[in-house]
Amino acid sequence: MTHALITASGRQLGRPVVATALFVLIALAGCDGGTGDDKDTASVKASWHIEHEGLAGAIISIWGRGVDDVWLAGAARKAAETAESKGPTLMHRDKDGWQTLETGIDTGHLWWVYGNEEDFVWVCGDGGRIGKWMQKDANYVELAAATTATLYGLWGPKDGPVWAVGGHVYPNQGPPVIVRVDGDVATLETALPANIAPGAVFFKVWGRSATDVTVISDQGDVLHWDGKVWTNDVMPGEPRLVTVHGNADERIIVGGLATASIFE
């Protein structure tokens with residue numbers, strides 16, 4: 001199986017966009033190199049090109065501060081000669097191009113990458129893994145795990161706390177999990193609402209502030225943290241919810257199986 005990184009350039013595209021699994025699409029703006037009236041953008045078309053081919057692991061998550069500060073995280077890489085794991089994929093793009101970062105982890109996948117500070121980014125993944133890539137020291141630091149569940153999403157404001165969410169993957173069983181990170185200490189949240197589906201998996205977390213955080217699950221759970229307690233509004237029909245994002249005025253949740261759904 002071949003994994004690739006594809007980018008698009010053109011004045012009409014402005015910010016990184018998210019894709020998953022085998023292909024990651026990044027919109028890199030301002031690369032057309034043309035001259036003339038800036039107001040005339042109708043003739044400027046986005047052009048796609050392959051940035052990398054033959055990546056050793058699939059890309060799952062992308063996050064960035066700007067076009068010259070983009071982060072990718074993903075699946076465990078396989079050595080072509082031996083098929084042995086080389087650890088999860090973690091890559092960074094700066095003004096000099098792309099670098100593959102070595103975390104020292106032997107196995108497992110990284111499912112999410114996110115930054116709320118200038119000097120490091122957060123990652124989370126298999127086996128309750130939560131870690132930080134420290135940019136100044138070019139070093140990976142891992143927190144003591146609070147769970148063995150797979151953590152699929154992570155978010156938090158600059159002043160904390162940071163939340164990581166996930167659940168158990170077959171054949172393992174267990175309730176969905178939310179991990180709270182204060183500083184470098186991760187603890188499992190235990191005071192969750194009683195109406196959460198027992199076998200649910202929390203996929204993603206997003207918030208506006210430390211007192212306005214949303215977590216969604218694959219069985220229609222929409223949890224909210226107000227800074228003191230978690231509450232849960234279950235969507236009618238318990239749809240499979242995959243990711244959540246928003247702005248100051250609204251939240252948008254997407255999901256579905258055979259039929260895609262958007263909830264606003």
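A pocket, in the sense used here, is an open set of grid points with protein on both sides within 12 Å along at least five of seven lines, and its lining residues are those that have an atom within 4 Å of a point. In this predicted model, the second largest pocket is lined by Val-222, Leu-223, His-224, Thr-231, Asn-232, Asp-233, Met-235, Arg-251, Ile-253, Phe-263 and Glu-264. Strand S18 (221-225), strand S19 (230-234) and strand S21 (251-256) are the elements that each give two or more residues to this lining. Sorted by class, the lining of the second largest pocket comprises five nonpolar, three polar and three charged residues, and the space in this pocket comes to about 160 Å³.

The aromatic side chains offer a second route through the model, since the structure holds seven aromatic pairs. One of them joins Phe-120 and Trp-122, whose ring centres are 5.6 Å apart and whose planes make an angle of 80°; because an angle over 60 degrees counts as edge-to-face, the pair of Phe-120 and Trp-122 is assigned to that class. Both partners are buried, Phe-120 with a relative accessible area of 9% and Trp-122 with a relative accessibility of 4%, so each falls under the 20% limit for that term. Elsewhere, Trp-111, Tyr-152 and Phe-203 form one aromatic cluster.

Charged groups also meet aromatic rings in this model. Phe-120, already described as a partner of Trp-122, has Lys-132 lying over its face at 4.7 Å from the ring centre, while Lys-204 places its charged end over the ring of Trp-112, at 4.6 Å from the centre of that ring.

Note on methods:
Residues numbered from 1 in each chain as written. Predicted model: local features only at pLDDT ≥ 70, side-chain atom pairs only at ≥ 80, totals over all residues. Heavy atoms only, no water. Phe/Tyr/Trp six-rings, centres within 6.5 Å; stacked < 30°, edge-to-face > 60°. Buried < 20%, exposed > 50% of the residue type's maximum accessible area, 1.4 Å probe, protein only. Lys NZ or Arg CZ within 6 Å of the ring centre and 35° of its normal. 1 Å grid on protein atoms, 1.4 Å probe; cavity = no way out; pocket = protein on both sides within 12 Å on 5 of 7 lines; lining within 4 Å. Points joined across faces, edges and corners; volume = space filled by probe spheres on them. Helix = DSSP H or I, 4+ residues; strand = E, 2+ residues; numbered from the N terminus. Nonpolar A, V, L, I, M, F, W, Y, C, P; charged D, E, K, R; others polar.
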